[in-house]
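Have your viewer ready with the cartoon and side chains switched on. We will go from stop to stop, selecting one thing at a time.

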Amino acid sequence: MAYWLFKSEPNTWSWDQQVAKGAAGEEWDGIRNYQARNFMREMKVGDLGFFYHSMKEKAVVGVIEVSAKIHPDSTTDDPRWECVDIRAVGSFPNPVTLGDIKSDPRLSEMVLVKNSRLSVQPVTDDEWKIICEMGGYSE
C-alpha cells in the first residue's frame, strides 16, 4: 500500500463535503498538473491518503482511501486529464497544521514541505506514521 496527500481549498471542496459523500466517495477531479496526474496514475484501490485543507487552514484534517483507479476526469473532454475516486475513512482528532509539520525535523524532506503547491503528492511510510501520531489518528 502507498500513502498520498490530497490538497483541497475548503471553500471549493471541504472535508465535511467529502465525508458527506459516504462510501460512494467522489472523483478527485480538476487536477491540471502533469506531476499530480502522474501520481494518481500510480495509485491503487485501497491506498490511503491525507485530506489536507489548503489556503487559510493549512492542515491535515482526515484520511481518505482510493476507491477507484485512474479514469478520465469527467470535468473535461481533454483526454490528458484523469483522476481517481476517493472516500473518507476518518477524521483527525487534532488537525496537523503545516506549521506543525515544518517544525518537526523528521518531516523536513516531506514533499509538502519542499513543494507545498503540488495538489497530489506521495507520503512515505514514516511520514504517514508521524503525522497520524501527531493528529491522534489510529487506523
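Start by selecting helix α5, residues 125-135, where Glu-127, Trp-128, Ile-130, Ile-131, Cys-132 and Gly-135 are buried (under 20% relative accessible area; exposed is over 50% and partly exposed in between, with a 1.4 Å probe and protein chains only). Helices (H or I, at least four residues) and strands (E, at least two) are DSSP runs, numbered from the N terminus. This is a predicted model, in which local features need pLDDT of at least 70 and side-chain atom pairs count only at pLDDT 80 or more, while totals for chains, interfaces and linings use all residues. Residues are numbered from 1 along each chain as its sequence is written, and side-chain values use heavy atoms, with hydrogens and water left out.

What do the buried residues of α5 pack against? Show β1, β3, β4, β5, α3 (98-103) and β6, and you have their partners (contact means heavy atoms within 4.5 Å). Just after α5 comes Gly-136, with a positive phi near 70 degrees.

Next, colour the sheet. Its 6 strands run in the order β2-β5-β4-β3-β1-β6, forming an open sheet with mixed pairing (two strands pair if DSSP finds at least two bridges between them). At the edges are β2 and β6 (120-123), each with a single partner strand, so one side of each has no neighbour in the sheet. Helix α5 packs on this sheet, and its direction makes about 45 degrees with that of β5 (axes are lines fitted to C-alpha atoms, for helices over the stretch in contact, and angles run from 0 to 180 degrees between N-to-C directions).

Now select β4, residues 59-72. Of its 14 residues, 10 are buried. With β3 it pairs in the antiparallel sense over 6 bridges, and Phe-51 stands opposite Gly-62 in β4. The two strands make a hairpin with 5 residues between them, and Met-55 in the turn has a positive phi of about 70 degrees. β4 also pairs with β5, antiparallel over 10 bridges; look for His-71, whose bridge partner in β5 is Cys-83.

Move on to Glu-27 in strand β2 (residues 26-27). β2 and β5 pair in the antiparallel sense over 2 bridges, and Glu-27 stands opposite Asp-85 in β5. Which side chain of opposite charge is nearest to Glu-27? That is Arg-32, 8.4 Å away, and Glu-27 is buried with no salt bridge. For charge, Lys and Arg count as positive and Asp and Glu as negative; His and the chain ends are not counted. A salt bridge is a side-chain nitrogen of Lys or Arg within 4 Å of a carboxyl oxygen of Asp or Glu. Outside its neighbours within four places in sequence, the contacts of Glu-27 include His-71, Pro-72 and Asp-73.

Finish with the salt bridges, of which the whole structure has 7. One of them joins the side chains of Asp-73 and Arg-32 (3.0 Å, N to O). Asp-73 lies in the loop between β4 and β5, and Arg-32 in the loop between β2 and α2 (34-42), so the pair ties together parts that are 41 residues apart in sequence. Asp-73 is buried at 2% relative accessible area, whereas Arg-32 is partly exposed at 37%. Then select Arg-80 and Asp-78, whose closest N and O atoms are 2.5 Å apart in a salt bridge.
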